[in-house]
Amino acid sequence: MSSSPAEVVLPQGCFGCMCTGQVSRDNVTVSREVVPGKALGLHASDSGASIATSTQDLTSCGSQGCFASVPTGASSEGNSECSDIGFRHALPALLGGSSASASKKDIQLLKTFHAQWSKQLEGDQAMQRRDELEMLMQQTREQMLVDPPSMPASRYGTDATLPTFDAEKHVPTLALINPGSGAKAGADIMALARKTPYYQRRFFNIVDVVRDKRRGGLLDVFRAELCSARDEARARGLRPRVISGGGDGTASFALFMVFQALKADPAREDEGLGDAGNGFIWSDEELAADFPALAQLPLGSANDFGRTLGWGHKCPGDSAAASLASARARSRAASDELSAWLLSVLDARSVVANFDVWGILPPAGAEACNFKVAELGGQRGFDPRSAIDGVK
């Protein structure tokens, strides 16, 4: 092919919309002289400039994912309204003749261009998805700070706050709290968290988290904060902590939500939800070292689990407030007791111990053991003390 200017036509929608330009068989670059509906100029490069891979060299033109690519360092003018309909269809036109007449060098050069262009396109799309996710999560974080509907006066008083979090002294801690537990003591604690720095982004309404599993929703925000707490704790040689606020059932519910947050999602691998080989986004080593320690905030009725772990069997503040006559004094005493309880959780000196909810452990030296789960018989919902067919 002659090195003099020659008109070539690319298939519509490939690299340019019905584009014309100049082509040299040896060195091909793509200029940025792109005008919607007109031509994309191709011209010879005296020095054989490399194919562009800069992010700025790809310009999107809408929902169809239309892009044009230009050489590194080219002038920035014009816009692109084109779509990739396939490198293979474009090859004959790019070479100014049939693909059969193309040299191996021509084909390899264009294949390299297409591979780099496709890789850059994928990278830009992944970056766009991450930016979109951050925007959605920021909107969710802002919604977390919105005051709930008007509620009765808080048992902790209107001036109460949670203790200041000291990043150098305290253990990174999150909370999953049931607002309805403890005669809505959970809601009072969440209200305090909303107006106190640190807690306002790390204390979550567990009911809302389980309901909001959309992309960028509360579960995503909880996951992001959990991963941040892991990194902060790891830097200090600590294990992050999660407060489960509610009754005994909330404790297992909170553990379930932690596992849900760490569950891998192959469809969102580019957003950090890739499988670490065990079905989770954390490896087995990370789970062993960084899985959060659970502190049970006793807001339920029996609170057997909280009492077993040593966190008490009554809502923090109930004991101190019961003996005081003044409403202001009761609120202050309740607030002080809640702060003392929370500071115990945040204290790095608090003991962290392994526990097995079921009490089922293999014998020493074994990796597994057999066990049976027993279930009470009878009709569901009946009091076992009542008689059924004359028999209790």
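In what order do the four strands of the open sheet stand? Follow the stops below to see.

**Before you start.** This is a predicted model, where local features need pLDDT of at least 70, side-chain atom pairs count only at pLDDT 80 or more, and totals for chains, interfaces and linings use all residues. Residues are numbered from 1 along each chain as its sequence is written, and side-chain values use heavy atoms, with hydrogens and water left out. Helices (H or I, at least four residues) and strands (E, at least two) are DSSP runs, numbered from the N terminus.

**Stop 1: the sheet.** Select S3, S4, S5 and S6. The order is S4-S3-S5-S6, and the pairing is parallel. S4 and S6 (293-298) stand at the edges with a single partner strand each, so one side of each has no neighbour in the sheet. Neighbouring strands are turned by 20 degrees against each other on average, direction ignored. Axes here are lines fitted to C-alpha atoms, for helices over the stretch in contact, and angles run from 0 to 180 degrees between N-to-C directions.

**Stop 2: strand S3.** Select residues 173-177. Five of the five residues of S3 are buried, meaning under 20% relative accessible area (exposed is over 50%, partly exposed in between; 1.4 Å probe, protein chains only). Thr173, Ala175 and Ile177 point one way. Leu174 and Leu176 point the other way.

**Stop 3: the partners.** Strands pair if DSSP finds at least two bridges between them. Add S4 (residues 203-205): three bridges join S4 to S3. Find Leu176 opposite Phe204 of S4. Now add S5 (residues 241-246), which pairs with S3 over five bridges. Leu174 has Val242 as its bridge partner in S5. From Val242, step on to Leu294, its bridge partner in S6. S5 and S6 are joined by six bridges.

**Stop 4: the helices.** Select H3 (residues 181-194). H3 lies across S3, S4, S5 and S6, at about 135 degrees to S4. Next, select H11 (residues 327-346). H11 touches S3, S4, S5 and S6 (contact means heavy atoms within 4.5 Å), and its direction makes about 145 degrees with that of S5.

**Stop 5: along H11.** Which residue caps the N-terminal end of H11? Ser326 does: a side-chain oxygen lies 3.3 Å from the backbone nitrogen of Arg328. Then color the buried residues of H11, among them Trp341, Leu342 and Val345. Finally, look at the end C-alpha atoms of H11: they are 29 Å apart, which agrees with the 28 Å expected for 20 residues at 1.5 Å a residue. The expected span is 1.5 Å times one less than the number of residues.

Note on methods. Polar contact = N/O pair within 3.5 Å; in protein donor to acceptor, adjacent residues only side chain to side chain.
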